[in-house]
2 protein chains.
Amino acid sequence: MNNKKIQEERIKGYFIEATKNIIKSEGISNVSTRNIANEAGYSYATLYNYFKDVKELVFYCVQDFQEEGEIFILGKVKELSFGKERIKSISQAYVDFFLEYPNYFELFYLERLSDVSSTKQIAHLITSFLDRMSKADWEYCIKNNIYTRENAEQIKSQLNFAINGALLIYLNRKTPESYTEFLQVVEKLINGILD
Amino acid sequence: MNNKKIQEERIKGYFIEATKNIIKSEGISNVSTRNIANEAGYSYATLYNYFKDVKELVFYCVQDFQEEGEIFILGKVKELSFGKERIKSISQAYVDFFLEYPNYFELFYLERLSDVSSTKQIAHLITSFLDRMSKADWEYCIKNNIYTRENAEQIKSQLNFAINGALLIYLNRKTPESYTEFLQVVEKLINGILD
DNA sequence: ACAAACATATTAACACTGTTAATTATATTT
DNA sequence: AAATATAATTAACAGTGTTAATATGTTTGT
């Protein structure tokens with residue numbers, strides 16, 4: 001009974017790993033059942049013994065990619081102490097992460113959700129990512145009267161929406177046109193919201 | 001020479017009209033060459049005599065949908081006079097428009113662009129939509145010292161990113177879960193940015 | 001009026017896609 | 001070793017976008 005579960009999880013893991021590799025290297029538009037199965041070393045139909053559909057499988061990658069993101073972001077702010085400046089740096093690093101891995105942004109925000117049960121949790125995982133990364137800093141700011149709790153909630157929400165909106169428009173609508181221009185826009189945006 | 005151009009534009013129009021109808025009623029995921037051609041009264045391959053690919057055709061709909069949006073938004077703010085409150089109402093109406101026609105938001109922001117030449121103009125049309133709708137109000141505010149020009153640019157940018165980010169997360173990630181909750185979030189967001 | 005040239009529309013075909021059912025292969029249990 | 005359960009595979013279906021070859025209609029020159 002337990003062995004069966006372990007083996008099942010292992011095989012699921014092979015499919016997830018294969019999917020991750022394809023998203024990482026070729027982007028989500030190149031993800032297909034045949035493609036995944038080939039990379040995983042199975043036939044394409046085997047996938048359906050372990051996942052409801054290919055969308056469910058694809059969204060299983062979110063968790064792992066987010067762990068990558070956490071490491072990426074924390075690596076960029078590790079020598080900073082809690083506070084407003086660290087929130088700025090985390091926000092900046094969050095943008096940098098998706099600039100370096102635009103395929104992840106596609107998965108996180110652009111890909112249509114499936115109607116499977118786990119969807120809600122994944123969606124929550126995604127939308128609370130930035131907040132989670134800067135949680136301690138916000139608490140610090142509130143405790144030190146830099147922001148009121150109410151004020152903090154408001155600004156946090158603004159920041160999250162604005163940053164993801166900016167990424168959406170840059171990555172999916174190529175506006176502004178140049179990379180450096182976008183970096184300037186983001187910097188102004190973050191400072192404008194937090195100050 | 002001119003007749004030919006006229007006829008060509010007419011037939012293009014039939015395809016665009018067909019595509020618009022499908023997007024409107026069934027959503028962008030149900031758009032297909034066969035589907036469009038059937039609605040337009042042609043064979044699916046005929047499409048390629050008039051458009052480089054189906055994505056080019058699909059993005060031709062943006063202009064018409066935006067005109068719908070303009071009418072929708074202006075209809076909701078027509079008795080207001082220029083100023084900050086009108087910017088708020090326009091922003092609110094902008095959100096309302098995409099809440100009523102989420103398929104349009106998908107096309108405007110979620111659909112992957114083609115690499116055809118006209119892409120850049122369409123992308124610009126999309127990303128400057130909200131700014132265009134409130135252009136006169138911003139000028140009014142600057143002239144009346146409600147905002148400095150620099151300040152206005154900053155806030156306009158924040159507003160645009162945040163609103164589209166909020167729509168992205170609500171429409172594509174179902175966060176927050178309820179409609180009414182989202183309306184509250186948006187109202188707070190708009191007020192928070194503009195005040 | 002007729003044939004040649006051109007423009008346009010259609011069908012057939014290709015290489016894909018996700019998904020399901022039937023079939024085969026592999027373990028497991030009796 | 002035989003019977004049973006489990007898992008993986010192939011075949012098939014109904015789609016997709018796109019292209020090439022074919023058929024149709026229109027215009028032009030003789």
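Glu56(A) is a buried residue (under 20% relative accessible area, with exposed meaning over 50% and partly exposed in between, for a 1.4 Å probe and protein chains only) that has no salt bridge. A salt bridge here is a side-chain nitrogen of Lys or Arg within 4 Å of a carboxyl oxygen of Asp or Glu. The nearest side chain of opposite charge belongs to Lys12(A), 5.2 Å away; for charge, Lys and Arg count as positive and Asp and Glu as negative, while His and the chain ends are not counted. The model is a predicted one, in which local features need pLDDT of at least 70 and side-chain atom pairs count only at pLDDT 80 or more, whereas totals for chains, interfaces and linings use all residues. Residues are numbered from 1 along each chain as its sequence is written, chains are lettered from A and ligands numbered from 1 in the order in which they are written, and side-chain values use heavy atoms, with hydrogens and water left out.

Glu56(A) sits in helix 3 of chain A, which covers residues 54-59. Helices and strands are DSSP runs numbered from the N terminus (H or I with at least four residues for helices, E with at least two for strands). Not counting residues up to four places away in sequence, Glu56(A) touches Phe51(A), Ser114(A), Val116(A) and Ser118(A), where contact means heavy atoms within 4.5 Å.

Another residue of helix 3, Lys55(A), does pair up. Its partner is Glu111(A), and the closest N and O atoms of the two are 2.7 Å apart. Glu111(A) lies in the loop between helix 6 (102-110) and helix 7 (119-127) of chain A, so its link to Lys55(A) in helix 3 ties together parts that are 56 residues apart in sequence. Glu111(A) is buried at a relative accessible area of 14%, while Lys55(A) is partly exposed at 29%. The two also belong to a network of salt bridges that takes in Glu106(A) and, from the other protein chain, Arg112(B). Over all chains, the structure holds 30 salt bridges.

Two further pairs in chain A are worth a look. Lys88(A) and Glu85(A) form a salt bridge with their closest N and O atoms 3.4 Å apart. They are three residues apart in helix 5 (residues 84-100), which means about one helical turn between them; Lys88(A) is buried, at 11% relative accessibility. Glu139(A) and Arg149(A) also form a salt bridge, at 2.8 Å between the closest N and O atoms. Here the pair ties together parts 10 residues apart in sequence, because Glu139(A) is in helix 9 (residues 135-143) and Arg149(A) in helix 10 (residues 149-173) of chain A. Both are partly exposed, Glu139(A) at 32% and Arg149(A) at 45%.

Ser134(A) is in the loop between helix 8 (129-133) and helix 9 of chain A. This serine is buried, with a relative accessible area of 4%. Its side chain reaches the backbone oxygen of Leu130(A) at 3.0 Å, a polar contact (a pair of N or O atoms within 3.5 Å; within protein, one must be able to donate a hydrogen and the other to accept it, and residues adjacent in sequence count only if both atoms are side-chain atoms). Leaving aside neighbours within four places in sequence, Ser134(A) is in contact with Ile87(A) and Ile90(A).

Next come the DNA strands. Around DNA strand C there are 19 residues, of which Thr33(A), Arg34(A), Tyr48(A), Ser43(B) and Tyr50(B) come nearest; a residue is near a strand if one of its heavy atoms lies within 4 Å of it. Sugar and phosphate make up 56% of the strand C atoms that come within 4 Å of the protein. A polar side-chain atom of Arg34(A) lies 2.5 Å from a base nitrogen of strand C, and a side-chain N or O atom of Arg34(B) is 3.4 Å from a base nitrogen of that strand. Tyr50(B) instead places a side-chain N or O atom 2.5 Å from a phosphate oxygen. Helix 2 (33-40) of chain A and helix 1 (2-26) of chain B each supply at least two residues of this surface.

DNA strand D is surrounded by 19 residues, the closest being Ser43(A), Tyr50(A), Thr33(B), Arg34(B) and Tyr48(B). For strand D, sugar and phosphate account for 53% of the atoms within 4 Å of the protein. Phosphate oxygens of strand D lie 2.6 Å from a polar backbone atom of Ser43(A), 2.5 Å from a side-chain N or O atom of Tyr50(A) and 2.7 Å from a polar side-chain atom of Thr33(B).
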